[in-house]
Structures are given as C-alpha cells and as structure tokens.
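Q: Please take a close look at one part of this model: the sheet and the helices packed around it. Walk me through it in one go.

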Amino acid sequence: MRWAQVSERSIDPDDVEDKKRKHQHEEEEEEEEEEEKIEEKAKHKETKEEEKEKKKEKEIEKKEKEEKEKEKKKEEKEKEEEEEEEESKVIEEKTVTINLRHAYLTYGRKAAPKAVRLIKKITQRIADTEEVKIHNDLNAKLWSRGKTKTLRKISIKVQKLEDGTARVLPAEA
C-alpha cells in the first residue's frame with residue numbers, strides 16, 4: 001500500500017512547470033507592487049520638495065514686499081519731516097555746546113532721560129519759549145549708549161520758529 005501511495009504522489013512534470021510559472025508570476029507581481037510603492041514614495045517626496053520650494057519662494061516674496069513697504073514708509077516720514085521743517089520759518093538760530101555732567105552722574109537708569117530734560121530746560125532758557133521739540137537724530141545720539149550712560153557733552157543747534165516753538169537739532173560737525 002505504501003508503494004501505491006507513493007506512486008499516486010508521483011510528481012507530474014506539467015504540474016511542476018505550472019507551479020514554477022505561478023511562483024514566478026507571483027514574484028513578478030510582488031516586484032511590480034514594490035516598484036509602484038517606490039515610485040509613489042518618490043512622487044510623494046517630489047511633491048513635498050516642490051511644496052517646500054513654493055513655500056520658500058512665497059516667504060521670500062513676503063519679505064521683499066515688507067522691506068519695500070518699510071522703505072516707502074521711511075521715505076514718506078522723511079518727506080513729511082522735511083515738509084514740516086520747510087513750513088515753519090526759522091527766526092533765530094544758535095549753536096550751543098551743553099555739558100551733560102549732571103545727567104552723566106545720576107544713578108541707575110535715569111541718565112538718558114535726565115539728559116533729554118536738561119536739553120529741553122536749557123533750550124527753553126535760550127529760546128525764551130515753553131514748547132521745545134527735540135529732533136529724532138539728537139534723541140538717537142543721546143540714547144546711543146543706552147539708558148544708564150549718556151554723553152558727557154553735546155553740541156546742539158537751537159532754532160526758534162515763527163509759531164513760538166523751539167526745535168533742537170544736533171550740531172553738524
């Protein structure tokens with residue numbers, strides 16, 4: 001009986017070829033699926049890279065626009081300041097050097113604000129006016145070393161205007 005069972009189990013060459021073909025066909029399908037997955041991943045990576053590049057381009061464009069807007073605003077402010085200066089006629093103009101020792105020797109964080117108050121007080125005395133306007137450049141000079149350390153001396157130009165105000169500018173060296 002065993003012999004009969006073995007003989008029944010004998011392998012047919014056609015079956016072997018069919019199994020080989022099926023196995024090869026399955027392997028080819030698996031390889032194709034893997035290739036498709038790889039291609040999809042590559043496409044996905046490419047789209048991500050393209051999106052990143054687009055985002056970078058958009059950010060660069062936004063920065064450029066912001067810079068242009070800032071430049072326009074600065075130009076407009078400068079034009080407005082020039083127009084204000086031209087509109088008000090100067091009656092009297094003096095150049096003075098002010099010693100800021102009292103502001104320099106103050107303690108803590110009061111030096112620069114005290115220097116501004118000193119300049120206003122001295123300008124009021126010089127121009128005989130109550131209203132004093134300090135120019136932005138002079139203010140920047142006073143605050144250039146921070147709040148605690150101010151300049152020892154500063155040369156200023158005091159302009160008395162028609163409307164009774166005084167304008168304080170840094171003296172041109």
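A: Two strands count as paired if DSSP finds at least two bridges between them. With that in hand, start at a single bridge. This is a predicted model. In strand 4, L169 is the bridge partner of K157. The pairing around it joins strand 3 (residues 153–161) to strand 4 (residues 166–170). These two strands run in the antiparallel sense, over 5 bridges.

Now widen the view to the sheet. It is open and has 4 strands, in the order 1-3-4-2. Its pairing is mixed. Strand 1 (90–99) and strand 2 (132–134) stand at the edges. Each has a single partner strand, so one side of each is left without a neighbour in the sheet. From one strand to the next, the twist averages 25 degrees.

Next comes the helix on the sheet. Helix 4 (residues 111–127) packs there, touching strand 1, strand 2, strand 3 and strand 4. The direction of helix 4 makes about 45 degrees with that of strand 3.

Helix 4 also meets a helix. Two packed helices are described by the angle between their axes and the distance between the axes. The axes of helix 4 and helix 5 (residues 136–143) come within 9 Å. They cross at roughly 140 degrees. That makes helix 4 oblique to helix 5. The crossing is right-handed.

Finally, the side of each helix in this contact. Helix 4 brings A112, P113, A115, V116 and I119. Helix 5 answers with L138, N139, L142 and W143. The residues of this contact divide into 8 nonpolar and 1 polar, with no charged.

Key:
Residues numbered from 1 in each chain as written. Predicted model: local features only at pLDDT ≥ 70, side-chain atom pairs only at ≥ 80, totals over all residues. Heavy atoms only, no water. Axes fitted to C-alpha atoms, helices over the stretch in contact; angles between N-to-C directions. Contact = heavy atoms within 4.5 Å. Parallel < 35°, antiparallel > 145°, perpendicular 65-115°, else oblique. Left-handed = near helix turned anticlockwise from the far one by under 90°. Nonpolar A, V, L, I, M, F, W, Y, C, P; charged D, E, K, R; others polar.
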